Amino acid sequence: MRFESPTTVQDAVGLLAAETGLSRLLAGGTDVLVQLRSGFVEPDLVVDIKRIAGMRDVVPEGGGYRIGAAVSGAELGAHDGVRGLWPGVVEALELIGSTQIQGRATLAGNLCNGSPAADSVPAMFAADARVTVAGPGGERTVPVMSIPVGPGKTSLARSEFITAIHLPARPDRSSDAYLRFIPRTEMDIAVASAGVSLELEPDGTCRAARVALGAVAPTVVLVEDAAAALVGTRLEEGDLKTLAEACSAACNPIDDKRGTIEFRRDVAAVLARRAALIAYERAGGTQ
Amino acid sequence: MSRIHVNTSVNGDALDFLCEPNETLLDALRNRLGLTGAKEGCGTGDCGACSVTLDGSLVCACLVLAAETEGREVGTVEGLADGDHLHPLQEKFLEHAALQCGVCTPGILVAAKALLDRNPDPDETEVRYWLAGNLCRCTGYDKIIRAVLDTAADLREA
Amino acid sequence: MVKVTIWGSLQSATDGAEAVEVEARTTRELLDRLAEAYPGLKPQIERGVSVAIDGEIYRDAWFTPIRADSEVILMPYMAGG
Amino acid sequence: MSLDESSRRIFKIVGTRPVRPDGVDKVTGRALYGADMTAPGMLVGHILRSPHAHARIRSIDTAAAMAVDGVKAIVTAADFAAADDPDLQDILDNCMARGKALYDGHAIAAVAATTDKAARLALKLIAVDYDVLPHVTDVDDAMQPDAPVVQSGRAEENVPPGLSENVTTYVAFGHGDLEAGFARADKVIERQFRTAATHQGYIEPHACLATMGPDGKADLWCCTQGQYMVRNTCAALLGMDSSQLRVTASEIGGGFGGKTTVFIEPVALMLSKKSGRPVKIVMSRSEVFRATGPTISSSSDIKIGMTADGRITAGLARLRYQGGAFPCGTVSFGAQSAFAAYDLDAVATEGWSVMTNRPKEAAYRAPGAPMAIYAVESVVDELCQHFGLDPLDVRLKNAARKGTRSSYGPTFNEIGLMATLNAAKEHAHYSAPLGPNQGRGLSCGFWFNFGGDTCVSLNINADGTVGVTEGNPDIGGSRASIGMMAAEELGIPLDKVRTTVTDTNSLGYNDVTDGSRVTFAVGLATIKAARAAIDEMCRRAALIWGIDEDAVVWEDGAARPSGPNAGDFDPLSLADIAARSSETGGPIAGHHEVNADGAGVSFGVHLVDVEVDPELGSVKVLRYSIFQDAGKAVHPSYVEGQMQGGAVQGIGWALNEEYIYGDDGRLQNPGFLDYRVPVASDLPMIEPVILEIPNPGHPYGVRGVGETPIVPPLAAIANAVSRAAGVRLTELPMSPPRVLKAIKATSA
């Protein structure tokens, strides 16, 4: 295995393009190192992107933010601007692992690991975040939703990597929230999760909504029926019931060591309902 | 596969070592630099026994490649005491009997110091969540939490 | 004679008797006499037993004295964690 | 050695909370644990493990592995001679599979190489030809006559016919007329319970460094609960004289019973023997989970009858324990302790021990007791709910006490159960209000406690200081408590004493650090050794004074004439006598060697409040209190620590910890990510209440405290959750999917 730490995106792409064997990007390394040590993957090349300019920066951008691919959870959590605009995305990233993991874990890494249980991904789906992908042909910006394609699989080509996450601007009276279920209070992988983003009319009626669920299907899923259940409502009990039913219906989970199909289906709906209420309150809605 | 020459700072000392490209910071500290205070309890970032700071940020040394530390500052449990003066956290852990077997203690001390450096007045819940990545199987955490809270109170008065 | 209480699953070796009497002044004599009088107990005695005398559990203590009126209970060999 | 007549003595050091002597080493990172030792020329050892739950090993071809550059030795079961004792043979077969791989993770071969990389490469090149066999991992399945047989011919003579050969042990205990008892009851409840296997979860993986020379002498450094056990076991397995193997215990990063046997130590020695180089083996966390001892998993049937006023009329427990791929006697401890807290006219317990394709069970804190008492205490609680009776009053009404014929046979002497129950009842926790979805549970706990073989040597140095040498690894502050008892007895300041845990060539045999024995038994031997040294110091004083040695007494750290008739001399302190030891006959020391009895049984009561989220099935522990008899608490902080730590292990067991096996018989969660031990944010403060009812079997009244605290949490939490959720939970762990399912089943 070779270890490289290029200082430009072009150098990084060049290294990846030139490598004929297996390569891995290293940002926070919280997944890559575990895979390395277990022998689960044996890459020929590891490219550390943290020394590339801009990778650890959070920059305002058109009313939203551009978040470098190597910005850690601890760094993003300390950024009041992002937290104010997209509290759900920040809390989702902050839920990953321990304080120690927070010192390293990144949105881009969480996304590229391809796990349907990745905490930040439902929140980014709900936020309709976009990512910049660098590759031999230059850079392109695509929706976050286009990246995961299956458990452990992404749509990125072998010499491509994500350089930044873009969180869009928000109108007033909008917010988001993320909740996940784990058996303990910390240190677990989500058994089910829900990210909800809402925009409200001045009277508190929901104008737009996005609802995404994690750990209930091969990839994180955006549940349009669930969002539709909220639009035009003030999130009253019957609306939330419709939301919950839509969420349960969208689940296609598996039985595994972390939870049963039945449990995931039930819990995803409960979390979506609770997250919707938190987002609603954050957006200034009152029932 | 050739070894990588790394120049780094550990507890303020400029050090250099040769490491394999896939070698972790934990292995380099323990096997190359003779600093065995950081322990390997899991190797997957789930137990916190190898907690160290990297440029002041709390991390698991088992999840950092040694080669990544080029030009950066590493802090370990061996750097907590100032010469023969223990750090207040170390004193309080002894006073409160906040350790039994002691194998998680180095990681917990490094983590607790990182907390108090950032937040001089944490409440019990904040301490518990901050230390959630540091497993202790002996104490049930009670005396650890008390020792951290008591240290913070003393430091605020000092 | 000392009355020794035998635990349930060993009573097949004592013809179903819950307690038997043997002549013994120490635990070693007790175990020797038991093994002689009830050969079915021998495999268990060889694997290991404890003896409770007047409420106190003894392991590997051959010469612990036993009085004729002592309460004597045979128990499996005990260990902890 | 019984309680001092002067047990009402005022202690000066015992009962205080000094800083532990090994404390600075452990807060500075200086303390050396198993993996922290190195030796010049050291090789790295790694172990190849079976990927199959059950497979015949047709052949092992090591040629390609041996050809790897840097590989110096490879070991398989063929390198070891058969042991002459079945227990030893089981240990050996567990260290290195012989003929069959009996569980996922079973060691097949080991490699020693100059680098980690070479050793890992060599493991991949060892070709093992497996004939995969049907497997069984569930205890009830393994008892069926048609179950895959893990090992043949291992059943003891009294196992009833008609069961699988996997059933190796059958035990039964009890007394009284069960049928009559149940007939007297106003309500009889019968339920089945299941508990998952849990792991001790010590944070330090097993590690050792072995050095063996061509002269047959060997040194071994390892983390263990008993260096003498390691020495005797390894010497026997390698055909060595035990004097030629010196074992030094490293600092130990937790054990809880799991380090009372050997796994890698004989293998490292054999690799060292074959390579002629020091060999270090450090297990990975996944190896720890897959191949070292978890506790048993259980299935049990409990039947208890009670009168409407809360008197238990009869109790029956049928316990089925699987202890992995080897015979295991743990079920007898469960069967003996199941009803130990109760004064019953009619009680019967039966136990079956069963082999499965899982790792060999190792002791875990009060082995066998928690799962049995969990089941019994759950049914008692349900009967209390049925009659609307206060569960604490019902315990008080039925509690075992002095004169009770215990459920396992002997009549209890003085025991502390009533005192702990009364302390719980009087505590503010018991009457604190509860909110919605909250429940309060309680449970009694019991453990036997042991003494065992113990040696202590105590040297009086010429400068008036004292070295205490003992042979039990300090797993939770025992150097402190041993040093405190030595200082107390000698009458000198604690800082004049240093306690050292020594290697196997420096003392006689010491039993492993288990059975809650160290503060009790090593303390007892330390006090005796101090008394021997005191006798000698009094003799020296008599020589100096020219009086009869019977006329000298030891008080407050000094020899004094026993009275006016003995003569008028100024006291001679320990330091005074020590300074003249050479002139008066030579160095002064005391030592004591004993197989200690009189540990005395131990009881505790735990009280817990929980809140259940009825939509998610999750459980939050809100408040937790422990009441336990410690005899005399030598260092109360470390007594509290034992109580708190044991309780939290029990909380983990009750709520989230479990060995999860797939259909393929492989362990699915061999890591701390999915084997979920409690983390700091899961817990409230744990309030320990120490009761001190002196143990008559110890000169200071000390009673072992380490194991009992893991016993009550399982039922205490289960009872609290069942009350909060409004449905009786009968399977551990009470993981959220299980709790939610139970709640939904009642509302449906």
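Guide: A strand in this account is a DSSP run of E with at least two residues, and a helix is a run of H or I with at least four. Both kinds are numbered from the N terminus. The model is predicted.

Visitor: Where does A:Arg173 sit in chain A?

Guide: A:Arg173 is in the loop between strand S10 (161–167) and strand S11 (174–181) of chain A. Its phi is positive, about 55°, although A:Arg173 is not a glycine.

Visitor: What makes a positive phi worth pointing out?

Guide: Most residues other than glycine have a negative phi. A:Leu235 is another case: not a glycine, yet with a positive phi of about 55°. The loop between helix H9 (224–230) and helix H10 (237–250) of chain A holds A:Leu235.

Visitor: Why is A:Arg173 called partly exposed, and why is A:Leu235 called buried?

Guide: Compare each value with the cut-offs. Buried means under 20% relative accessible area, and exposed means over 50%. A:Arg173 has 31%, which falls in between, so it is partly exposed. A:Leu235 has 0%, which is under 20%, so it is buried.

Visitor: What is unusual about the bond from D:Leu732 to D:Pro733?

Guide: That peptide bond is cis, with omega near 0°. Most peptide bonds are trans. D:Pro733 lies in the loop between strand S27 (731–732) and helix H20 (736–747) of chain D.

Visitor: What makes helix H11 of chain D largely enclosed?

Guide: The count of buried residues. In H11(D), 16 of the 19 residues are buried, so the rest of the structure largely encloses this helix.

Visitor: How do you know that the span of H11(D) is close to the expected one?

Guide: H11(D) covers residues 369–387 and reaches 27 Å from its first C-alpha to its last. The expected span is 1.5 Å times one less than the number of residues. For H11(D) that comes to 27 Å, so the two agree closely. Just after H11(D), D:Gly388 takes a positive phi of about 70°.

Visitor: Which two chains share the most contacts?

Guide: Chains B and D, among the four pairs that touch. Chain D brings 52 residues to that contact and chain B brings 41. The area buried between them is about 3800 Å², with 60% from carbon and sulfur atoms. D:Val27, D:Ile203 and D:Met685 supply 20% of the area that chain D buries against chain B, more than any other three residues.

Visitor: Why does the pair D:Asp36 and B:Arg30 count as a salt bridge?

Guide: The rule asks for a side-chain nitrogen of Lys or Arg within 4 Å of a carboxyl oxygen of Asp or Glu. Between D:Asp36 and B:Arg30, the closest N and O atoms are 2.7 Å apart, so the pair qualifies. Chains D and B have four salt bridges between them. They also have 23 residue pairs in polar contact. Helix H1 (23–28) and helix H18 (636–655) of chain D each supply at least two residues of the side that touches chain B. H18(D) gives the largest share of that side, nine residues. By class, the side has 27 nonpolar, 17 polar and eight charged residues.

Visitor: Why is D:Glu640 called buried?

Guide: Its relative accessible area is 12%, which is under 20%, so D:Glu640 counts as buried. D:Glu640 lies in helix H18 of chain D. Leaving aside neighbours within four places in sequence, D:Glu640 contacts B:Lys143, D:Arg17, D:Pro688 and D:Ile690.

Visitor: How do you know that chain A and chain C do not touch?

Guide: Contact means heavy atoms within 4.5 Å. No contact joins chain A and chain C, and their closest C-alpha atoms lie 27 Å apart. Chain B and chain C do not touch either, with nearest C-alpha atoms 14 Å apart.

Visitor: What makes A:Arg274 and D:Glu615 a salt bridge?

Guide: Their side chains meet at 2.6 Å, N to O, which is within 4 Å, so the rule is met. Chain D and chain A have nine salt bridges between them. H20(D) gives the largest share of the side of chain D that touches chain A, five residues. That side has 10 nonpolar, five polar and eight charged residues.

Visitor: How many residues of each chain take part there?

Guide: 23 residues of chain D are in contact with 21 of chain A. The buried area is about 1900 Å², and carbon and sulfur atoms give 51% of it. In chain D, D:Glu615, D:Leu616 and D:Arg676 lose the most area to chain A, together 28% of what that side buries.

Conventions
Residues numbered from 1 in each chain as written. Chains lettered and ligands numbered in written order. Predicted model: local features only at pLDDT ≥ 70, side-chain atom pairs only at ≥ 80, totals over all residues. Heavy atoms only, no water. Buried area = accessible area lost by both parts, 1.4 Å probe. Polar contact = N/O pair within 3.5 Å; in protein donor to acceptor, adjacent residues only side chain to side chain. Nonpolar A, V, L, I, M, F, W, Y, C, P; charged D, E, K, R; others polar. Buried < 20%, exposed > 50% of the residue type's maximum accessible area, 1.4 Å probe, protein only.
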